Amino acid sequence: TRIVLATRNAGKITELRAILAAADLPYDLVGTDAYPEIPDVKETGVTFAENALLKAHALARATGLPAIADDSGLCVDVLGGAPGIFSARWAGTHGDDAANLALLLAQLSDIAPEHRAAHFFCAAALALPDGTERVVEGRMPGTLRPTPAGTNGFGYDPILQPDGHTRTAAELTPDEKNAISHRGKAFRELVPVIRELLG
Ligand code: ITT
Ligand code: NA
């Protein structure tokens, strides 16, 4: 059986392949690149879970195959949970990680270390062509550094120092990050659901 990964984010694809490979699923995981004719869905949901389901359903319908999607972002306490679902386009251009990170750092420049709590959040959705759906969630709490450090990972990883660690998420190895990340937690929880629904 083929499962389609409903994401165009290269950082996510790398992590999802590693997380799902560790689960030894007997399915062939293909990215949306295999379906260039299918347009991106508008992320009109107001929660991560709604957006993950929108992406998974759209791709399952369009391909006739089971689809899994990730909707994720960084939620900053002192900003009332922002950027949240707007993380990918916080500075205006979708997927401009450098600009998004620079804007967030500027917005936090006056915030004291003890008020820089944040967490990454991930909703992972599975949708079948017949409309069956499941969604699970994971989070990774931490503190935001004033200066980026590290070159692994993607997005806001260089400024998020996960709780219990002295390095940023971008200084962790891919395996170290996946073991504790919002995405790792959500997709490890999705694995038995995938097995249950796809057999
Ligand atoms: P798809 O919708 O195609 O999956 P996207 O990048 O648009 O790709 P999202 O709408 O879910 O995906 O936005 C995710 C953004 O949240 C991403 O661009 C990063 O800025 C941030 N983000 C999510 N997970 C992250 C992680 O593990 N490390 C760092 N930043 C992360
Ligand atoms: Na989103």
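# Note on the predicted complex with ligand 1

1. P83 lies in the loop that runs between β3 and α3. The peptide bond that joins A82 to P83 is cis, with omega near -5°. G95 also has its place in the loop between β3 and α3. This glycine is partly exposed, because 14 other C-beta atoms lie within 10 Å, and the class requires a count above 12 but below 20. From G95 to Q161 the C-alpha atoms are 21 Å apart in space, with the two positions 66 residues apart in sequence terms.

2. On confidence, the reader should bear in mind that this is a predicted model. The protein chain has a mean pLDDT of 97, and 100% of its residues reach 70 or more. For the complex, the predictor gives an ipTM of 0.98 together with a pTM of 0.97.

3. The surroundings of ligand 1 deserve attention next. The ligand is surrounded by 24 residues, and the closest are T7, N9, S87, A88 and G155. Sorted by class, this shell holds 10 polar, eight charged and six nonpolar residues. Strand β3 (67–76) and helix α3 (97–107) each contribute at least two residues to the shell. The most comes from β3, which supplies five residues.

4. D71 is the position with annotations from a record. UniProt, in an unreviewed entry, lists D71 under "binding site", and the feature "active site" is likewise placed at D71 by UniProt in an unreviewed entry. Both labels may be inferred rather than shown by experiment. In the model, D71 sits in strand β3.

5. Is D71 buried or exposed? D71 is buried, because 30 other C-beta atoms lie within 10 Å, where the class asks for 20 or more. Leaving aside residues up to four places away in sequence, D71 is in contact with F48, N51, A52, K55 and A123.

6. The largest nonpolar core comprises 46 residues, of which A52, A56, A67, I68, A124 and A125 touch the most other members. Two or more residues of this core come from each of β1 (2–5), α1 (10–22), α2 (48–63), β3, β4 (117–127), β5 (133–144) and α5 (182–198). Strand β4 provides the largest share, nine residues. A52, one of the core members with the most contacts to other members, is also among the residues that D71 touches.

7. A124 illustrates the packing around one core member. With residues up to four places away in sequence set aside, A124 touches A52, I68, D70, V135, V136, A186, F187 and L190. Two of the partners named there, A52 and I68, are themselves listed with A124 as touching the most other members of the core.

8. R188 belongs to helix α5. R188 is classed as partly exposed because 18 other C-beta atoms are within 10 Å, and a buried residue would need 20 or more. R188 and L16 are separated by 172 residues in sequence, yet their C-alpha atoms are 10.0 Å apart in space.

9. D24 merits a check of backbone geometry. Although D24 is not a glycine, it has a positive phi of about 55°. D24 is located in the loop between α1 and β2 (28–31). D24 counts as exposed because there are 7 C-beta neighbours inside 10 Å, and the class covers counts of 12 or fewer.

10. At the start of the chain, T1 is part of the segment before β1. T1 is exposed, since 11 other C-beta atoms lie within 10 Å. Residues up to four places away in sequence aside, the contacts of T1 are with Y27 and L198. T1 and C75 are 74 residues apart in sequence, and their C-alpha atoms are 35 Å apart in space.

Methods
Residues are numbered from 1 along each chain as its sequence is written. Chains are lettered from A and ligands numbered from 1 in the order in which they are written. This is a predicted model: local features need pLDDT of at least 70, side-chain atom pairs count only at pLDDT 80 or more; totals for chains, interfaces and linings use all residues. A residue is near a molecule or strand if its C-beta atom, placed from the backbone, lies within 6 Å of it. Helices (H or I, at least four residues) and strands (E, at least two) are DSSP runs, numbered from the N terminus. Ala, Val, Leu, Ile, Met, Phe, Trp, Tyr, Cys and Pro count as nonpolar, Asp, Glu, Lys and Arg as charged, and the others, Gly among them, as polar. Two residues are in contact if their C-beta atoms, placed from the backbone, lie within 7 Å. pLDDT is the predictor's confidence in each residue, from 0 to 100. A nonpolar core is a set of buried Ala, Val, Leu, Ile, Met, Phe, Trp, Tyr and Cys residues joined through C-beta atoms within 7 Å.
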